[in-house]
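Colleague: I am new to this structure. Please pick one helix, look at it closely, then show me what lies around it.

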Amino acid sequence: MSGPNNGHGAPSATPASEHSEPLLEVKDLHMHFPVYEGIVFQREVSRIRAVNGVSFDLRPGETLGLVGESGCGKSTTARATLQLHKPTSGQVLFDGRDLCQLHGAELRAVRRDLQMIFQDPYASLDPRWTVASIIAEPLRNYGLARSGHELREQISELMLTVGLNPSFIGRYPHEFSGGQRQRIGVARALALEPKVIFCDEPVSALDVSVQAQIVNLLQELQERLGLAYVFIAHDIAVVRHLSHRVAIMYLGRIVEIADRDSIYGETRHPYSKALLGAVPIPDPKIERKRERILLEGNLPSPGDAREGCDFASRCALRKRVDSDDRCHTERPQLLPLAGDPTHKVACHYHDQD
Amino acid sequence: MSEQGAQPVLELDDLHVRFKTDGGLVHAVNGVSYVVNEGEALGVVGESGCGKSVTNMTVLRLIPTPPGEVSSGRINYRGTNLLELSAKEIRKVRGGKIAMIFQDPMTCLNPFLRISKQLTEAILLHSDMTPEQARQRAIEELDRVGIPDPAGRIDSYPHEFSGGMRQRVMIAMALCTDPDLLIADEPTTALDVTIQAQILDVLRRLQAEKGMSLVLITHDLAVVAGMCSRVVVMYAGRIVEEAPVDDLFADPRHPYTSALLASVPRLDDPLGRHLNPIEGLPPKLAEEPTSCAFAPRCPHAEDRCRRELPPLAPDADGRLHACFFRFKDGEKLPHTDGGQA
């Protein structure tokens, strides 16, 4: 277990590897799900554009936070990157190869380095398997499991790494609490010594007092093992706490991406402002004083193709400044700011607010 | 702020609730007392299983009995003990003068009925309106919670609304009988932050407009900070601290409250702040606690905490907490008066 004061805090603003080559590059990723109608003769009537041109890169030892409301495509982005859904188009470059072009054994070989932790520790562990078999499964899959005694040793070590008591090796998932189950999920992800772990809402199902245990564990492991994370969560305070860089998604696209400090300190996109402005802060004095920007309306359907900006219909900035209707006719590209090439925003008028 | 001398609407007095389960008795609520004053917003905070929902469901007698059982205590609503009412009498109060909304609107809305039917049902039950008047009233209420085109949407089915809109429908349904107390059980937990902000805004506005009292049950301290004037913190079926909202956040007195505040990251944290998780797990409530239930997880616990049950008692300055010790900036103060004034 991570002690209350073991000295590690939030990540420093930039990981040591800031200038190193990206480990993983995602380029113009699209993931569309067709919608069929008809029982005998099925025809495609529309497409849900869950991920609609997402690009980002990830450096070794870095945490990229992916935030957005439910349905914005953040989980689908993770799954499509890992080829759990075969992307409609785009490139995922890892280790000099494009994962989208790989199949079968080749893909399996690459996946060793890319693991995932899931949200619900009650659903992602098979209730009929012991902890030992759950953690050993990836090792067996890749033929890395050694003989009985050595394997046991290996599993015990993994359990220690994530703060589980190795004497629980023969227990079943139901004998553990939510936080401990999440640790089992982390141990399973670590078994193959991956380079990247995609964490899909890993603390959302946990109680607040337990959340911090898992957050600290993930940070410790990153420092110790040099892991890179793509950290998906709707809890924006948790993402800020863990990430070096943050991407904000809206309707299948990244609308803003920047270093952690700039995205929270110098938010540019009107949607990012609304999203960050909606996060309540546990301090009554601040809460009473703050000005609330309430977003109107709901997410538009990801099934409709739009020409302009997806956020235009709800955007307060557009109402003030967009006199020639550019927001509805021309899609804003994700472009770097003049003063800060690492901060990219997809808004025509981001400098006018 | 809770004004001095405000009329109490609801008073809970030493409420005990337990459940008979296959695994033995579960003592879910172990002596909870609090008061909700007129027009006030009271926050009830705690983690899952701390008894916050059970306590408030007991107010409306929504606990299934058996297996649930109120073993002792009183719940006074404007002088009437709700626990002594007959089934018929409590139905007059439930959904009438005291209304409740829940985390998941789909557990409360009937998917087979148009919302017009569901909204007018409550109005007709609790008033003398004609069906036509009730429908009109329902449309007004939908308008007030911010549903666009209420006259056009009233004949829709629940599934035709988004999550946030459904929550608004449920609030409209709760408010259409003009309750003077609304119990909101995690009303925004299932929603995205932007939608949460909208719903909290609706609740804040309606509470002010109608002068209604609100009990807001949540695990989210940030929501309480923006909504409530007074807060009750629960742990293992007991209240461990009760305080005006500013005092609670500025100067938490119970170690559990401090620990809870230290374990959540905040959007305005200084960078590099370390999160302090609370080690261990909340206790299983197989027995009624005879010592401090938080002691096994408490960094400050001493022998006395493991032997005696600290009562919820006021400090010298009137602040209520259930701990033998006093703390200042996380440091335990020297033992002077046995911990309690």
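Modeller: I start with one helix, then move out to its chain, the contact between chains and the partner chain.

This is a predicted model: local features need pLDDT of at least 70, side-chain atom pairs count only at pLDDT 80 or more, and totals for chains, interfaces and linings use all residues. Residues are numbered from 1 along each chain as its sequence is written, while chains are lettered from A and ligands numbered from 1 in the order in which they are written.

The helix is H6 of chain B, residues 163–175. Helices (H or I, at least four residues) and strands (E, at least two) are DSSP runs, numbered from the N terminus. H6(B) has 13 residues. From first C-alpha to last it reaches 18 Å, close to the 18 Å expected at 1.5 Å a residue. That expected span is 1.5 Å times one less than the number of residues.

Is H6(B) mostly covered or mostly open? Mostly covered: 12 of its 13 residues are buried. Buried means 20 or more other C-beta atoms within 10 Å of a residue's own; exposed means 12 or fewer, partly exposed in between, with C-beta atoms placed from the backbone. Among the buried residues are Gly164(B), Arg166(B), Arg168(B), Val169(B), Ile171(B) and Leu175(B).

What does the covering? Strands S6 (98–101) and S7 (181–185) of chain B are included. So are helices H3 (115–126), H4 (131–144) and H7 (193–210) of chain B. Contact here means C-beta atoms, placed from the backbone, within 7 Å.

S6 and S7 lead to a sheet. It is open, has eight strands and runs S6-S7-S8-S3-S9-S10-S12-S11 in chain B, with mixed pairing. Its edge strands are S6 and S11 (313–314) of chain B, each pairing on one side only. Two strands pair if DSSP finds at least two bridges between them. Within this sheet, S3 (residues 41–45) and S9 (residues 230–235) of chain B pair in the parallel sense over four bridges. Val44(B) stands opposite Val232(B) in S9(B).

Now step back to chain B. It comes to 11 helices and 14 strands. Of its 341 residues, 48% count as buried. Its radius of gyration is 21 Å, which agrees with the value near 20 Å for a compact globule of 341 residues. That radius is taken over C-alpha atoms, and the globule rule is 2.2 Å times the number of residues to the power 0.38.

H7(B), which helps cover H6(B), also takes part in the contact with chain A. That contact takes 40 residues from chain B and 36 residues from chain A. H7(B) gives the largest share of chain B's side, six residues. H8 (221–227), H9 (245–250) and H10 (255–263) of chain B each supply at least two.

Chain A has 12 helices and 12 strands. Of its 353 residues, 45% count as buried. One sheet in chain A is open, with four strands in the order S2-S1-S4-S5 and antiparallel pairing. S2 (43–58) and S5 (97–98) of chain A stand at the edges with a single partner strand each, so one side of each has no neighbour in the sheet. S1 (residues 24–37) of chain A pairs with S2(A) in the antiparallel sense over 12 bridges. His30(A) stands opposite Asn52(A) in S2(A).

Technical notes
Contact = placed C-beta atoms within 7 Å.
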